[in-house]
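Me: I should like a close look at a single part of this structure, namely one strand and its surroundings. Please set out the sheet pairing and the helix packing in one connected account.

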Amino acid sequence: MHSYGSANRGTGSNILSALQDLFWLSKSKVEKQLQIISVLQWVLTFLIMGVACTLILMYILCTDCWVIAALYLAWLVFDWNTPKKGGRRSQWVRNWTIWRYFRDYFPIRLVKTHNLLTTRNYIFGYHPHGIMGLGAFCNFSTEATGVGQKFPGIRPYLATLAGNFRMPILRDYLMSGGICPVNRDSIDYILSKNGSGNAIIIVVGGAAESLNCTPGKNSVTLRHRKGFVKLALRHGADLVPVYSFGENEVYEQVIFEEGSWGRWVQKKFQKHIGFAPCIFHGRGLFSSNSWGLLPYSKPITTVVGEPITIPKIDNPSQREVDFYHSIYVDSLIKLFDKYKSKFGLPETEVLEVN
């Protein structure tokens, strides 16, 4: 009788264990699907939301619901300059649960190396651009990696193409995350009329750098990019080098050689429109072995370096700009060299500065 009870309990335990395994497996799969959905919605936002919302608005104007579209357009005219004045961030949007799933898909991490004073303003130079700047968005336009806790009292503003803020609905969505136009009016306002404790994140390499990003390559377009240093000097904002290990690993790209027709087309787009069309692919929606728009789930680790103290000079000379630019370049290289082996790169890896 005793042995029968033991056997019974053993069988019951095995069934319970199997059910628990099934539950956790199911939960794991659900979480993975939520991660995929969270990344997919952002990729589609990046690629088509602006155009799609513009077309939808035009369509609504031609229907019986035209009043809704007309009211929004009237609001748009009234609100047109808001992006140039620091935008309209929403802590609620920045804390959406979807961003935590976005973070965990890769995963994305933010590494703090030094404290930042709330009595100063900052310009973060973010490197490299990658295809979509996934690390820049997750770390500084959401609270998923804890930027608010790591740098208390600092308000991050991720700067992106000003053209995005001419797109209906998209502009409001971007502003809610603390994203601002990367133009002089916006940056001047944030650094001079918005108090202290502001940090503008500029992806210094921009579209030109995105054309060269490919897995296994660590190169930045920086040698002749000095405008951000001049802005820092004019406002006395400290410069902070930021390097994102893994940013170039999440997409494969067709790289066109200099002088080829493909590179010519990309540069023309870059010059006249502000962005360069890239031919790239990631993984498929249902299989990691197929091609698609989803990035590969490779880790991205963003390291925020030591701030460089910058004096306030209303009209900096070229010599002064060059001097602080060289300090910045050296600081970025040192940051890369210090952390490269911790995040999967060999000690022999060298950061290529173009």
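Reply: The account below begins with the strand and moves outward to the sheet and the helices.

This is a predicted model, in which local features need pLDDT of at least 70 and side-chain atom pairs count only at pLDDT 80 or more, while totals for chains, interfaces and linings use all residues. Residues are numbered from 1 along each chain as its sequence is written, and side-chain values use heavy atoms, with hydrogens and water left out.

The part chosen is strand β11, residues 300-304. Helices (H or I, at least four residues) and strands (E, at least two) are DSSP runs, numbered from the N terminus. β11 is mostly covered, five of its five residues being buried; buried means under 20% relative accessible area, exposed over 50%, and partly exposed in between, with a 1.4 Å probe and protein chains only. In a regular strand the side chains alternate between the two faces of the sheet. In β11, I300, T302 and V304 point one way, whereas T301 and V303 point the other way, and all are buried.

β11 has paired strands to consider next; two strands pair if DSSP finds at least two bridges between them. Strand β1 (residues 108-112) pairs with β11 in the parallel sense over five bridges, and L110 has T302 as its bridge partner in β11. Strand β7 (residues 238-245) pairs with β11 in the antiparallel sense over four bridges, with V303 of β11 as the bridge partner of Y243.

These strands belong to an open sheet of seven strands with mixed pairing, in the order β1-β11-β7-β2-β5-β3-β4. β1 and β4 (179-181) stand at the edges, each with a single partner strand, so one side of each is left without a neighbour in the sheet. On average, neighbouring strands of this sheet are turned by 25° against each other, direction ignored. Elsewhere in the order, strand β2 (residues 122-127) and strand β5 (residues 198-203) pair in the parallel sense over five bridges, and Y122 stands opposite A199 in β5.

Helix α12 connects this sheet with the helix packing. α12 lies across β2, β7 and β11 and runs at about 35° to β7. Axes are lines fitted to C-alpha atoms, for helices over the stretch in contact, and angles run from 0 to 180 degrees between N-to-C directions. α12 (residues 318-339) also packs with α10 at an angle of about 110°, the axes lying 9 Å apart. That makes α10 roughly perpendicular to α12, a class that covers 65 to 115 degrees; angles under 35 degrees count as roughly parallel, over 145 as roughly antiparallel and the rest as oblique. F228, V229, K230 and L233 of α10 make the contact with E320, V321, Y324, H325 and Y328 of α12, where contact means heavy atoms within 4.5 Å. By class, this contact has six nonpolar, one polar and two charged residues. Ala, Val, Leu, Ile, Met, Phe, Trp, Tyr, Cys and Pro count as nonpolar, Asp, Glu, Lys and Arg as charged, and the others, Gly among them, as polar.

α10 (residues 227-235) packs with helix α8 (residues 184-192) as well, at an angle of about 35° and with the axes 10 Å apart. R184, I187, D188, L191 and S192 of α8 meet L231, R234 and H235 of α10 in this contact. The residues of the contact of α8 with α10 divide into three nonpolar, two polar and three charged.
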